[in-house]
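Good morning, everyone. Please bring the structure up on your screens. I'll walk you through it in short steps.

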Amino acid sequence: MLEKKLRKYMPALVAGSLGILLTINAGVASAGIGVLRPGAGNNPPKTPDWNVKNQEGGSGAVTTKDGKSVQKLDKSKKTTVTMLSVMLGESLSSVKVSASGDFELVDGNGGKVLGKMPANVSAEVKISGGAVYLNGEKLASRIITLRTGKGQQVVYNGSSYRGQLRLVYDGSGIQVLNIVSLEDYAKGVLPSEMSPSWQPEALKAQAVAARTFALYNKGKGHTASSGYDLCSSSHCQVYSGTAAETTTTNQAVDETYGQIMQYNNQPIYAAFHASSGGATENSEDVWGNYLPYLRSVTDDDSKSPYHNWTSKFTVVQVEKKLASAGKEVGNLKSIALVPISSSGSVTGRSASGRAYGVKFIGTNGEITLTGEQARRIFGLKSAMFNVRTERSVQVPAKGKKKVTASDGKTIDAKPAAMNDGIMKLQGVDNVVFEGHGFGHGLGMAQYGANAMAAAGSSYDVILHHYYTNVIIQEIY
Ligand SMILES: [Zn+2]
């Protein structure tokens, strides 16, 4: 049923009536509806040299749709839940922390007990003169761990978290880290990445993606100098602790306990985004590096509120936006589509039908923007867009004053002229971007995943659709 929908839908999308289609790595701040964001993976993988182009798909890849496509762990092997360090705050000169139950503060990562505190009473850690003070007492240690009883939560800055807190003085300030299991982390992340009211199987797919994304980052060092795995903002994934948790999202995490996506026995870079516009993208066409599991696939994006969007600018506004971005070309004369990809495409179009770059030609020269640059400069939701022009027409009205486009009557200035060539802007008033989708277009599209779930697909089928030749593996 879904495939039918897709077949019906896709030709319209890639039909030649669209002028310029671009794809970019979108990093838009807010989706504007619910809690949905453009998705993780707005920052390319930290290991861009990870080129596995010539390798086979994961050994023993299972892509059946009979529910057996999750590789269960051999329970005779003893495993432990993976722990993560998630940064909640840094560069702080003083920190107050507490817990919902009685708690203790220990030296380092589990050394001698420095102090015991009752529930809901704050301990204060301060830096003064390059030394660490705990409740006013000078310490020799630079690391303090706060741990509380089972089932209790640690508290920092008004938010509660599962696991432990670790305060690290790195020489310039205090880092507040939450040492938390991958499962509890996923519970604190999921409601921020997908609306809890969405289809249960879509939530489960998102849970596996969120878990995988975190594990991919584990141990890689968030930045060169920081010792933690992930930050708690949209830079990585929004992590809000227990306050964010909901019944449905926790259930999605529990029902996929320990499951991640692997390729060649490694966690994949599980990029995802809000809305594909109808087809996802190949990684090399967005980031330049080939990832075998981030391949272009089609999906049903028709329910997405971002399926169709329009951003209109006057020619003068386009000139000004280019100029303020340091891309001044003078008076704009024409716009052209150009291939700037390194992926070897001859046509200048990517697998999904998107193009790679746009050239603005003006009286003072010309500038070529990548899709990403065009998206940022014009604030577009995605780079899967068509460029159209509009010019005013004057409609003679019987004996009355003339009606102009500004009164709501416009006419297309032959958008077909665009057709991979140069579109002249002479006599044109507006440049219109008509686009599809929201986000970078890589990996799982959340609206598409929800549509698949609504049509009866289980989470493993959804994941295998969006991530090519991966194995869903239970790791503990
Ligand atoms: Zn981050």
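One definition before we start: two residues are in contact if their C-beta atoms, placed from the backbone, lie within 7 Å. Keep in mind that this is a predicted model.

Let's begin with the overall picture. The protein chain has 476 residues, and 45% of them count as buried. Its secondary structure comes to 9 helices and 27 strands. Now take the contacts between residues at least 6 apart in sequence. Of these, 74% join residues at least 24 apart.

Next, the core. Which residues touch the most other members of the largest nonpolar core? They are Val 86 and Ile 462, in a core of 89 residues. Helix 3, residues 200–217, supplies the largest share of this core, with 11 residues. There is another core apart from it, made of 20 residues. Leu 369, Ala 383, Val 387 and Leu 425 are among them.

Stay with Val 86 for a moment. What does Val 86 contact, leaving aside its neighbours within four places in sequence? The list runs Leu 177, Asn 178, Val 180, Tyr 185, Tyr 228, Asp 229, Leu 230, Ser 232 and Tyr 239.

Now the helix packing. Start with helix 2, residues 182–193, and its partner, helix 3. Their axes come within 9 Å and cross at roughly 120 degrees. Because of that angle, helix 2 is oblique to helix 3. Their crossing is right-handed.

Who meets whom here? On the helix 2 side, find Leu 182, Tyr 185, Ala 186, Val 189, Leu 190 and Glu 193. On the helix 3 side, find Leu 203, Gln 206, Ala 207, Ala 210, Arg 211, Ala 214 and Leu 215. By type, the residues of this contact divide into 10 nonpolar, 1 polar and 2 charged. Tyr 185 should sound familiar: Val 86 contacts it too.

Look at the spacing of those numbers as well. An α-helix has 3.6 residues a turn, so residues three or four places apart point the same way.

Helix 3 has a second partner to show you. That is helix 9, residues 459–466. The two helices pack at an angle of about 55 degrees, with their axes 8 Å apart. The angle makes helix 3 oblique to helix 9. This crossing, between helix 3 and helix 9, is right-handed.

From helix 3, the residues are Glu 201, Ala 202, Lys 204, Ala 205 and Val 208. From helix 9, they are Tyr 459, Ile 462 and Leu 463. The contact divides into 6 nonpolar residues, no polar ones and 2 charged. Ile 462 is one of the two residues that touch the most other members of the largest core.

Is helix 9 largely enclosed or largely open? It is largely enclosed by the rest of the structure, because 8 of its 8 residues are buried. The buried residues include Asp 460, His 464 and His 465. What covers them? The cover includes helix 3, helix 8 (446–454) and strand 1 (70–71). It also includes strand 15 (259–263), strand 26 (444–445) and strand 27 (471–474).

Now a few single residues. Find Tyr 269, in the loop between strand 16 (266–267) and strand 17 (272–273). Is Tyr 269 buried or exposed? It has 27 C-beta neighbours inside 10 Å, so it counts as buried. Tyr 269 and Leu 215 are 54 residues apart in sequence, yet 9.0 Å apart in space, C-alpha to C-alpha.

Next, backbone angles. Most residues other than glycine have a negative phi. Ser 91 has a positive one, near 60 degrees. Ser 91 sits in strand 2, residues 83–92. It counts as exposed, because it has 9 C-beta neighbours inside 10 Å.

Asn 120 also has a positive phi, near 65 degrees. You'll find Asn 120 in the loop between strand 5 (113–117) and strand 6 (123–128). It is exposed, with 12 other C-beta atoms within 10 Å.

Last stop: Asp 170. It is in the loop between strand 12 (164–169) and strand 13 (174–181). With 14 C-beta neighbours inside 10 Å, Asp 170 counts as partly exposed. How many residues separate Asp 170 and Ser 91 in sequence? The answer is 79, while their C-alpha atoms are 8.5 Å apart in space.

That's my tour. Thank you.

Technical notes: Residues are numbered from 1 along each chain as its sequence is written. This is a predicted model: local features need pLDDT of at least 70, side-chain atom pairs count only at pLDDT 80 or more; totals for chains, interfaces and linings use all residues. A nonpolar core is a set of buried Ala, Val, Leu, Ile, Met, Phe, Trp, Tyr and Cys residues joined through C-beta atoms within 7 Å. Helices (H or I, at least four residues) and strands (E, at least two) are DSSP runs, numbered from the N terminus. Axes are lines fitted to C-alpha atoms, for helices over the stretch in contact, and angles run from 0 to 180 degrees between N-to-C directions. Angles under 35 degrees count as roughly parallel, over 145 as roughly antiparallel, 65 to 115 as roughly perpendicular and the rest as oblique. A crossing is left-handed if the near helix is turned anticlockwise from the far one by less than a right angle, and right-handed if clockwise. Ala, Val, Leu, Ile, Met, Phe, Trp, Tyr, Cys and Pro count as nonpolar, Asp, Glu, Lys and Arg as charged, and the others, Gly among them, as polar.
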